[in-house]
Amino acid sequence: LRLHIEGLLQHYTEEEDRELTLFQEQTDRINFLLGELERQADQLEQYINDLDECVVDETTVITSNTARRTRNQDLLEKMDNLCNSSSYEYLQSGLIRSETIALYQRVIEWLEDYAANIGKPKETEEPANPEAPANPEAAQPVSYT
């Protein structure tokens, strides 16, 4: 009986040693996997923090670009208004210039006619300038502005 008990004890001891070895191997593997998961969690947390910083940076860029776009749009509208105003003034000055040139041409023609007729007797009593009034004292000043 003693031999049988010693045999069983040795068998159970060997079985327990194998189970302890297996348990230790599984514990080591689980601890290794937990360490890997913690390392990956730290990496993911760092990655999330980096993405958060990126979102903040991109938000700053978007805000800056939105403000710049608004400013540029305002400048474009002001320049468009300025160009339209300048175009109108340019056209007006062109019309005035044309009227002034026409007036100068009429004055030159009148002076040439007057110079050509100096010392010649008058043929008729009509004024040389058809636009001039018959009575020079009744003439009103003309404004060209």
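1. Does Trp110 count as buried, exposed or partly exposed, and at what relative accessibility? In this predicted model, Trp110 has a relative accessibility of 40% and therefore counts as partly exposed, given that the class lies between the limits of 20% for buried and 50% for exposed.

2. As for the overall fold, the secondary structure consists of one helix and zero strands, and the helix, H1, covers residues 2–116. Of the 145 residues in the protein, buried ones make up 1%, while the exposed surface comes to about 13800 Å², with 59% of that area supplied by carbon and sulfur atoms.

3. A nonpolar patch on the surface is formed by Val107, Trp110, Leu111, Tyr114 and Ile118, which together have about 510 Å² of accessible area. Leu111, a member of this patch, lies in helix H1 and counts as partly exposed because its relative accessibility is 43%.

4. The count of aromatic pairs comes to one. This pair joins Trp110 and Tyr114, whose rings are stacked, with 5.5 Å from centre to centre and 15° between the planes. Trp110 and Tyr114 are four residues apart in helix H1, so about one helical turn separates them.

5. On confidence, the protein averages a pLDDT of 86, and 83% of the residues score at least 70. Over residues 141–145, however, pLDDT stays under 50, and the model has two contacts beyond four places in sequence for this stretch. Where pLDDT is low, the predicted coordinates should not be read in detail.

Note on methods
Residues are numbered from 1 along each chain as its sequence is written. This is a predicted model: local features need pLDDT of at least 70, side-chain atom pairs count only at pLDDT 80 or more; totals for chains, interfaces and linings use all residues. Side-chain values use heavy atoms; hydrogens and water are left out. Patches are made of residues with over 30% relative accessible area and no salt bridge: like charges are joined within 9 Å, nonpolar side chains (Val, Leu, Ile, Met, Phe, Trp, Tyr) within 5 Å. Accessible areas come from the Shrake-Rupley method with a 1.4 Å probe; for residues, only the protein chains shown count as cover. A salt bridge is a side-chain nitrogen of Lys or Arg within 4 Å of a carboxyl oxygen of Asp or Glu. Helices (H or I, at least four residues) and strands (E, at least two) are DSSP runs, numbered from the N terminus. Buried means under 20% relative accessible area, exposed over 50%, partly exposed in between (1.4 Å probe, protein chains only). pLDDT is the predictor's confidence in each residue, from 0 to 100. Contact means heavy atoms within 4.5 Å. Rings of Phe, Tyr and Trp (its six-membered ring) pair if their centres lie within 6.5 Å; planes under 30 degrees apart count as stacked, over 60 as edge-to-face and the rest as tilted.
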